[in-house]
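This report describes the arrangement of helices in a two-chain model. The sequence and structure are shown first, and the description follows.

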Amino acid sequence: MKHRTKSIPLEQAQQQANVQQSEQETTRQFANAEEMLRYDAAQMTVPAAVAKRLQQSMGQVAAPKRSWWRRLFSK
Amino acid sequence: MESLVSEAFVEPDCSSPPPFLEGEGDLAGLYQKHSRAVYYLALRFLANPHKAEDVTHDVFLKAYRKWEQFRGESSARTWLYRITINHCCNLQRSWHERNLGPVEESTWENLPSHAESPLRVLETKELGQRIQSALDGLSAEYRLLLLLVADEELSYDEVGALTEQSADAVRGKLHRARKAFATIFQKSA
């Protein structure tokens, strides 16, 4: 019983912290358009389908040959 | 092999090279480091997730084919952006693109994001929609300028080189682009 009465404020505090964190997230402020775009870009993930397609396409394309002068100077 | 590929690209901060590019030397690092920037530029410039995927694929395939032509005079990021911008502009100029209607709402629903909570996913999606609306309200020149300047890896000189103008002209137009963006963005609230 004692344990339970102690744990309630802890839970409430945790919930309040979560709510506060959520509020901070939803009221995010940006100094200018670029900052907003940077944030937006950081949330983005390149779809995995692009990598799959690229893999297939590269399989159909012969590996680019190195030019004669690059081969010469890399020795 | 397929599952390895998708796993590697779901997490953008993974440190190992993408499996399909193993043995391709610098190109593996190139995709890992720049694919998100290329995808984002294409996505927000064209306002079409499907086209952005196509562009990202085409840009890196072209980079693979033309890797030997990259002379290192500019940064790899600038080189890839140049290919991306050319590709996007060609797409916009094409008859098909000019006669195509706006993207369906459901297309935006499936945009991948790595926000960690449902609230953040919702917040990110809503913000993304407002950003896209504001960008769509700008001229193509201002839209491109803002997207390029937002990339901290690029200097004003590099943005100028990519948009064929001086760094001073970039600064001047940027001021007006910011203002126009803010006005449209606030209206969308």
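## Overall composition

Read along the sequence, chain A follows the pattern α-α-α-α. In this predicted model, chain A thus holds 4 helices and 0 strands. Of its 75 residues, 15% count as buried.

Chain B contains 10 helices and 0 strands. From the N terminus on, its elements run α-α-α-α-α-α-α-α-α-α. Chain B has 189 residues, and 28% of them count as buried. Among the contacts in chain B with a separation of 6 or more, 56% are accounted for by residues 24 or more positions apart.

## The two sides of helix 2 of chain A

Helix 2 of chain A spans residues 33–42, and its buried residues are Ala33(A), Glu34(A), Met36(A), Leu37(A) and Asp40(A). These residues lie on the same side of helix 2 of chain A, because they cover an arc of only 160° around the axis. On the other side of this helix, Glu35(A) and Ala42(A) are exposed.

## Helix 2 of chain A against helix 8 of chain B

Which helix of chain B does the axis of helix 2 of chain A come within 8 Å of? The partner is helix 8 of chain B, residues 140–149, and the two axes cross at roughly 70°. The two helices are therefore roughly perpendicular to each other, and helix 2 of chain A passes helix 8 of chain B in a right-handed crossing.

From chain A, the contact is made by Ala33(A), Glu34(A) and Leu37(A); from chain B, by Leu146(B), Leu147(B) and Val149(B). Sorted by class, the contact has 5 nonpolar residues, no polar residues and 1 charged residue. The three residues that chain A contributes here, Ala33(A), Glu34(A) and Leu37(A), are also among the buried residues of helix 2 of chain A.

## Helix 3 of chain A against helix 3 of chain B

A further contact between the chains involves helix 3 of chain A, residues 48–60, and helix 3 of chain B, residues 49–66. Their axes come within 9 Å and cross at roughly 40°. The crossing of these two helices is right-handed.

On the chain A side, the residues that meet the partner helix are Ala49(A), Val50(A), Arg53(A), Leu54(A), Ser57(A) and Met58(A). On the chain B side they are Glu53(B), Thr56(B), His57(B), Phe60(B), Leu61(B) and Tyr64(B). By class, this contact has 7 nonpolar, 3 polar and 2 charged residues.

## Helix 8 and helix 10 within chain B

Helix 8 of chain B also meets a helix of its own chain, helix 10 of chain B. The axes of these two helices come within 9 Å and cross at roughly 100°, which means that helix 8 of chain B is roughly perpendicular to helix 10 of chain B.

Tyr142(B), Leu145(B), Leu146(B) and Val149(B) in helix 8 of chain B meet residues of helix 10 of chain B, namely Val170(B), Lys173(B), Leu174(B), Ala177(B), Ala180(B) and Phe181(B). The residues of this contact divide into 9 nonpolar, no polar and 1 charged. Leu146(B) and Val149(B), which take part in this contact, also belong to the contact with helix 2 of chain A.

## A buried lysine in chain B

Lys51(B) is found in helix 3 of chain B. Is this lysine buried or exposed? Lys51(B) is buried, because 20 other C-beta atoms lie within 10 Å, and 20 or more is the criterion for a buried residue.

Leaving aside residues up to four places away in sequence, Lys51(B) touches Ala42(B), Leu46(B) and Leu91(B). Lys51(B) and Cys88(B) are 37 residues apart in sequence, and their C-alpha atoms are 8.8 Å apart in space.

## Two loop residues with positive phi

Ala47(B) is not a glycine, and its phi is positive, near 55°. Ala47(B) is found in the loop between helix 2 (26–46) and helix 3 of chain B. With 17 other C-beta atoms within 10 Å, Ala47(B) is partly exposed.

Glu164(B), likewise not a glycine, has a positive phi of about 55°. Its loop lies between helix 9 (156–162) and helix 10 (167–187) of chain B. Glu164(B) counts as exposed, because it has 7 C-beta neighbours inside 10 Å.

Notes: Residues are numbered from 1 along each chain as its sequence is written. Chains are lettered from A and ligands numbered from 1 in the order in which they are written. This is a predicted model: local features need pLDDT of at least 70, side-chain atom pairs count only at pLDDT 80 or more; totals for chains, interfaces and linings use all residues. A residue is buried if 20 or more other C-beta atoms lie within 10 Å of its own, exposed if 12 or fewer, and partly exposed in between; C-beta atoms are placed from the backbone. The arc is that of the directions from the helix axis to the C-beta atoms. Axes are lines fitted to C-alpha atoms, for helices over the stretch in contact, and angles run from 0 to 180 degrees between N-to-C directions. Angles under 35 degrees count as roughly parallel, over 145 as roughly antiparallel, 65 to 115 as roughly perpendicular and the rest as oblique. A crossing is left-handed if the near helix is turned anticlockwise from the far one by less than a right angle, and right-handed if clockwise. Two residues are in contact if their C-beta atoms, placed from the backbone, lie within 7 Å. Ala, Val, Leu, Ile, Met, Phe, Trp, Tyr, Cys and Pro count as nonpolar, Asp, Glu, Lys and Arg as charged, and the others, Gly among them, as polar.
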